[in-house]
Amino acid sequence: RPLWIEEPTSPDDVLGHATIAKALAPHNIGVATGEMAQNRVIFKQLLQANAISFCQIDSCRVGGVNEILSILLMAAKFGVPVCPHAGGVGLCELVQHLSIFDRFVAYMPPTAPGYSSTMKQESMEKHLYPGGPVWTALKEKGL
């Protein structure tokens, strides 16, 4: 039995998520969504409608730390756990500081400048657009 079904309908379909959540509840299967939601308003509606069991905020889609904090506070108020999503490969490292909250959702900011990660020079050279070897190979294949 899965713990949740992830984004079973369009991400802004609040009533659809609520209907699915209600149908899955007797089976102890939750609904997780939010990775495609852009702001706190859609999360407020999902939470008020009991449409989600797991809140998947994506800091690359919502509007910054303040927006994330408001979503975290709403999720805490509704007793919905947050399972962060981070946009794509490698981005989890760039937003890891956003998951450093105590149980009262007090934000603990980074103590050093930057995102605490660096791109490897070799990778940047390989993927340099348009003349890097990765792009050159794709171009030669007609892609």
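**Entry 1: T33 and its strand**

I looked up the bridge partner of T33 in strand 3 and found C55, in a model that is predicted rather than experimental. T33 itself lies in strand 2, where helices (H or I, at least four residues) and strands (E, at least two) are DSSP runs numbered from the N terminus. I then asked whether T33 is buried or exposed. T33 counts as buried, at 0% relative accessibility, the cut-offs being under 20% relative accessible area for buried, over 50% for exposed and partly exposed in between, with a 1.4 Å probe and protein chains only. Setting aside neighbours within four places in sequence, I listed the contacts of T33 (heavy atoms within 4.5 Å) and noted E7, H17, F43, L46, I52, F54, C55 and Q56.

**Entry 2: the basis of the values**

I record that residues are numbered from 1 along each chain as its sequence is written, and that side-chain values use heavy atoms, with hydrogens and water left out. Since the model is predicted, local features need pLDDT of at least 70 and side-chain atom pairs count only at pLDDT 80 or more, while totals for chains, interfaces and linings use all residues.

**Entry 3: the sheet and the order of elements**

I counted 6 helices and 3 strands in the protein, and reading from the N terminus I wrote the elements down as β-α-β-α-β-α-α-α-α. The 3 strands form an open sheet in the order 1-2-3, with parallel pairing, two strands being taken as paired if DSSP finds at least two bridges between them. Strand 1 (4-6) and strand 3 are the edge strands, each pairing on one side only. Between strand 2 and strand 3, which run parallel, I found 2 bridges.

**Entry 4: the cysteines**

I next asked how many disulfides the count comes to. The count is 0, a disulfide being a pair of cysteine sulfur atoms within 2.5 Å. For C55, the closest cysteine sulfur is in C83 at 9.5 Å, which is too far for a bond. C83 is likewise in no disulfide, its nearest cysteine sulfur being that of C55, 9.5 Å away. In cover, I noted that C55 is buried, with a relative accessible area of 0%, whereas C83 is partly exposed, with a relative accessible area of 27%.

**Entry 5: the nonpolar core**

I turned to the largest nonpolar core, which is to say a set of buried Ala, Val, Leu, Ile, Met, Phe, Trp, Tyr and Cys residues joined through side-chain atoms within 4.5 Å. This core has 23 residues, and those with the most contacts inside it are I42, F43, L46, I52, C55, I57 and I71. Helix 1, helix 2 and helix 3 each supply at least two residues of the core, and the largest share, 6 residues, comes from helix 3. As background I note that nonpolar side chains tend to be buried together in soluble globular proteins. I also followed I52 on its own, and, with neighbours within four places in sequence left aside, I52 is in contact with V31, T33, L46, L47 and V80.

**Entry 6: the loops**

I checked the backbone in the loops and found that the peptide bond from Y129 to P130 is cis, with omega near 5 degrees; P130 sits in the loop between helix 5 (121-126) and helix 6 (133-140).

N28 is a residue other than glycine with a positive phi, near 55 degrees, and it is placed in the loop between helix 1 (14-24) and strand 2 (30-33). N50, also not a glycine, has a positive phi near 55 degrees and lies in the loop between helix 2 (40-48) and strand 3 (54-55). I then asked whether N28 is buried or exposed. N28 counts as exposed because its relative accessibility is 57%, and N50 counts as exposed at 61%.

D58 is found in the loop between strand 3 and helix 3 (65-78), and counts as buried at 0% relative accessibility. I noted that the C-alpha atoms of D58 and H85 are separated by 4.7 Å, although these residues are 27 apart along the chain.

**Entry 7: totals for the protein**

Of the 143 residues in the protein, I found that 29% are buried. The accessible surface comes to about 9400 Å², of which 59% belongs to carbon and sulfur atoms, by the Shrake-Rupley method with a 1.4 Å probe, only the protein chains shown counting as cover for residues. Among contacts between residues at least 6 apart in sequence, 57% join residues at least 24 apart.
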